[in-house]
Amino acid sequence: MEKKLVFATNNAHKLEEVSAMLGTSVSLMSLNDIGCHTDIPETGTTLEENALIKARYIHEHYGMDCFADDTGLEVDALDGEPGVYSARYAGGAGHDSVANMKKLLARMEGVTDRRARFRTVIALILDGEVHEFEGIVRGTIATEPHGDGGFGYDPVFIPEGYDRTFAELGDVKNHISHRARAVERLVEFLRRG
Ligand code: IMP
């Protein structure tokens with residue numbers, strides 16, 4: 001039987017990436033699909049805490065197996081900034097990618113060590129048990145944005161082994177990204193079960 005699993009997000013990009021990887025063995029449901037319209041507060045100070053807060057909320061209120069992710073861009077020269085605050089880096093309500101990138105590039109002006117990584121943490125609650133999975137992709141921060149694909153910081157992140165940004169790499173990103181790596185681990189785990 002198809003396993004029903006809630007992915008605690010309404011981000012269409014993420015749902016697309018993740019459902020392509022999960023294949024047909026899992027019926028993936030979004031927050032909209034289960035009628036959850038709450039903006040679950042991400043009050044944690046680590047990616048792990050935030051992923052778990054979201055997964056726990058769904059499990060407690062809807063009683064369904066679910067997973068949630070939290071991602072941060074961690075820049076070496078900025079001691080891991082913007083990290084857990086990636087969405088709200090430029091302030092305000094957050095999710096203003098252009099403003100976030102602008103702030104990041106300003107803080108990186110003149111900085112020669114441009115190493116960074118995207119890190120995704122997935123918290124899964126399955127049959128009441130918590131499991132965590134991590135995915136990391138290393139790379140560097142470009143000096144200016146390039147490309148118009150993807151979302152968030154994609155136009156300024158050049159993954160290791162490539163000379164183009166995530167925003168220029170099209171579908172390649174879906175195979176090598178931090179989220180893809182974390183989801184691979186989740187999928188392996190679900191297959192074993
Ligand atoms: P979230 O936890 O996935 O919502 O990610 C938090 C923030 O990190 C987003 O608002 C984006 O700014 C950034 N982010 C997450 N994933 C990606 C990605 O794949 N590419 C670029 N930026 C990302």
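Visitor: Let's kick off with threonine 46: buried, exposed or partly exposed?
Guide: This is a predicted model, so everything here is read from predicted coordinates. Threonine 46 has a relative accessible area of 30%. Buried needs under 20% and exposed needs over 50%, with a class in between. That puts threonine 46 down as partly exposed.

Visitor: And how far is threonine 46 from valine 84, C-alpha to C-alpha?
Guide: Threonine 46 belongs to the loop between β2 (26-29) and α2 (47-62). In sequence, threonine 46 and valine 84 are 38 residues apart. In space, their C-alpha atoms are separated by 5.8 Å.

Visitor: Moving along to glutamate 48, what is the C-alpha distance between it and aspartate 70?
Guide: Glutamate 48 is part of helix α2, and at 26% relative accessible area it is partly exposed. Aspartate 70 has its place in strand β3. The two are 22 residues apart in sequence, and the C-alpha distance is 7.3 Å.

Visitor: Is aspartate 70 buried or exposed?
Guide: The cut-off for buried is under 20% relative accessible area. Aspartate 70 comes in at 8%, so this residue of the model counts as buried.

Visitor: Which side chain makes a polar contact with the side chain of aspartate 70?
Guide: A polar contact calls for N or O atoms within 3.5 Å. For the aspartate 70 side chain there is a pair at 3.3 Å, and the partner is the side chain of asparagine 50.

Visitor: On to the ligand: which residues around it come nearest?
Guide: There are 14 residues around the ligand. By class, they split into 4 nonpolar, 5 polar and 5 charged. The ones that come nearest are Lys14, Asp70, Asp154, Lys173 and Arg179.

Visitor: Which residue has a polar side-chain atom 2.9 Å from an oxygen atom of the ligand?
Guide: Backbone atoms get involved too: threonine 71 has a backbone N or O atom 2.9 Å from a ligand oxygen, and tyrosine 153 has one 3.0 Å from a ligand nitrogen. The polar side-chain atom lying 2.9 Å from a ligand oxygen belongs to arginine 179.

Visitor: What share of the ligand's accessible area does the protein cover?
Guide: On its own, the ligand has 470 Å² of accessible area. With the protein around it, the covered share is 93%.

Visitor: Which elements give two or more residues to the shell around the ligand?
Guide: The ligand sits in the largest pocket. Two or more shell residues come from each of β3 (66-75) and α5 (178-192).

Visitor: Where does leucine 169 sit relative to aspartate 154, going by the C-alpha distance?
Guide: Leucine 169 is in the loop between β7 (157-159) and α4 (172-176). Despite the loop address, leucine 169 counts as buried because its relative accessibility is 6%. Along the chain, leucine 169 and aspartate 154 are 15 residues apart, while their C-alpha atoms are separated by 9.4 Å.

Visitor: What about glutamate 160 and arginine 138, how far apart are their C-alpha atoms?
Guide: Glutamate 160 also lies in the loop between β7 and α4. With 60% relative accessibility, glutamate 160 counts as exposed. Arginine 138 is 22 residues away along the chain, and the C-alpha separation is 5.8 Å.

Visitor: Now the backbone oddities: is the peptide bond from glutamate 81 to proline 82 cis or trans?
Guide: Most peptide bonds are trans. Proline 82 is part of strand β4 (residues 82-83). With omega near -10°, the bond leading from glutamate 81 into proline 82 is cis.

Visitor: What is phi of aspartate 79?
Guide: Most residues other than glycine have a negative phi. Aspartate 79 lies in the loop between β3 and β4 and is exposed, at 77% relative accessible area. Its phi is positive, near 55°.

Visitor: Last one: where is aspartate 127, with its positive phi?
Guide: Aspartate 127 isn't a glycine, yet its phi is about 50°. It is exposed, at 67% relative accessible area. Its place is in the loop between β5 (115-126) and β6 (129-141).

Methods. Residues are numbered from 1 along each chain as its sequence is written. This is a predicted model: local features need pLDDT of at least 70, side-chain atom pairs count only at pLDDT 80 or more; totals for chains, interfaces and linings use all residues. Side-chain values use heavy atoms; hydrogens and water are left out. A residue is near a molecule or strand if one of its heavy atoms lies within 4 Å of it. A polar contact is a pair of N or O atoms within 3.5 Å; within protein, one must be able to donate a hydrogen and the other to accept it, and residues adjacent in sequence count only if both atoms are side-chain atoms. Accessible areas come from the Shrake-Rupley method with a 1.4 Å probe; for residues, only the protein chains shown count as cover. On a 1 Å grid over the protein atoms alone, a cavity is a set of points where a 1.4 Å probe fits but cannot get out, and a pocket is an open set with protein on both sides within 12 Å along at least five of seven lines; lining residues have an atom within 4 Å of a point. A molecule sits in a cavity or pocket if more than half of its atoms lie within 2 Å of its grid points. Helices (H or I, at least four residues) and strands (E, at least two) are DSSP runs, numbered from the N terminus. Ala, Val, Leu, Ile, Met, Phe, Trp, Tyr, Cys and Pro count as nonpolar, Asp, Glu, Lys and Arg as charged, and the others, Gly among them, as polar. Buried means under 20% relative accessible area, exposed over 50%, partly exposed in between (1.4 Å probe, protein chains only).
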